[in-house]
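Hi there,

Here is the structure I promised to pass on to you. Have a look at it first, and then read my notes underneath.

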Amino acid sequence: MKRTAVLTILSATLWAAAFTGCKGKTETGTATAPVKKQGEVIAEVNGDTITTGDFQKELENLPPYLKPMADTPEGKKELLDTMVVRELILQQARKDGLDKGPEVAAKLEELKKRVVVEAFLKKKVEEHASVSDEEMKKFYEENKEKFKTGAQVHASHILMKSEEEAQKVFKELKEGGNFEELAKKHSVDSAAAKGGDLGWFSKGSMVPEFEKVVFGLKEGETSGIVKTKFGYHIIKLTGKRPAGVRSFDEVKEQLKAAILPSKQQEVFQKLKDDIKKDAKISIKEDVLKGIGDTAAEEKPASTGAESASTNKK
């Protein structure tokens, strides 16, 4: 993907959040609490400021594959320019009174409900859905067959589209350049954000040209330029391990990831049951069944006398 195209995508990702910075008074006249700015001021827009803290938040919200591009000088300028233009649009929208309109107020209220519910669920699930070492060890002992693997390697790479660029990067590496930093700057795949780290993998996971080179490297060794259908790679081998059953410590995070979803589901189900236990809930079954039925929706609203209902106390 060309750099200009990536910068265009980078800019486009910011517009969906255009109203998250709204401030001042709501339609009811209640003033919202001002958000305290953090960091140094990097831009002033008609008296409003954009700080390094604001910039960092925008950067954190970018998709992983775009973050390396935003780390470049051109990317930073594009990101800041988009924030400046967005601030100008917000200022003009406030002058036009659009931030106080009923449609915006309704959407903000709906967004507020979702954010509050999400924060509540996250807090409750994190409090009660922890996975102990004992649970992980028990799962490991009962499922050792699942952790058998062939010989594996741990590698990183820098992937470039042209041989010319690959030659330039290879020269920088030979002159002492940092592999991880060069990967973040030049690599064109999603691993760039992690310094080119591809993790552990066995034979059969990568294209043949790549595997032939990587499995022939010594630990810590960097390859020359390797051409595949994806482009031009420079590969660094960072680890090797023989075939066999992975140890508990090696698969600890994998075990946690395997067990945690079911624990979270248990917590969520219990939370639903507990929160509904003492509530009074009435379900209008006929109305529910009629959703999507045009004729039913055109009828006068039901008084509820003829509706089936359930009550929970």
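**A sheet, two helices and a core**

Strands S4 and S7 run antiparallel and are joined by 9 bridges. (Helices, H or I of at least four residues, and strands, E of at least two, are DSSP runs numbered from the N terminus; two strands pair if DSSP finds at least two bridges between them.) One bridge links Gln 152 to its partner in S7, Arg 241.

This is a predicted model, where local features need pLDDT of at least 70 and side-chain atom pairs count only at pLDDT 80 or more, while totals for chains, interfaces and linings use all residues. Residues are numbered from 1 along each chain as its sequence is written, and side-chain values use heavy atoms, without hydrogens and water.

S4 and S7 belong to an open, antiparallel sheet of 4 strands, ordered S5-S4-S7-S6. At its edges are S5 (197-202) and S6 (222-228), each pairing on one side only.

Helix H7 (residues 163-174) lies across S4, S6 and S7, at about 45° to S7. (Axes are lines fitted to C-alpha atoms, for helices over the stretch in contact, meaning heavy atoms within 4.5 Å; angles run from 0 to 180 degrees between N-to-C directions.) Helix H8 (residues 179-186) also lies across S4, S6 and S7, at about 50° to S4.

The largest nonpolar core has 11 residues, including Val 153, Ala 155 and Phe 201. (Such a core is a set of buried Ala, Val, Leu, Ile, Met, Phe, Trp, Tyr and Cys residues joined through side-chain atoms within 4.5 Å; buried means under 20% relative accessible area, with a 1.4 Å probe and protein chains only.) S4, helix H9 (208-214) and S7 each supply at least two of its residues.

Enjoy exploring!

Methods. Buried < 20%, exposed > 50% of the residue type's maximum accessible area, 1.4 Å probe, protein only.
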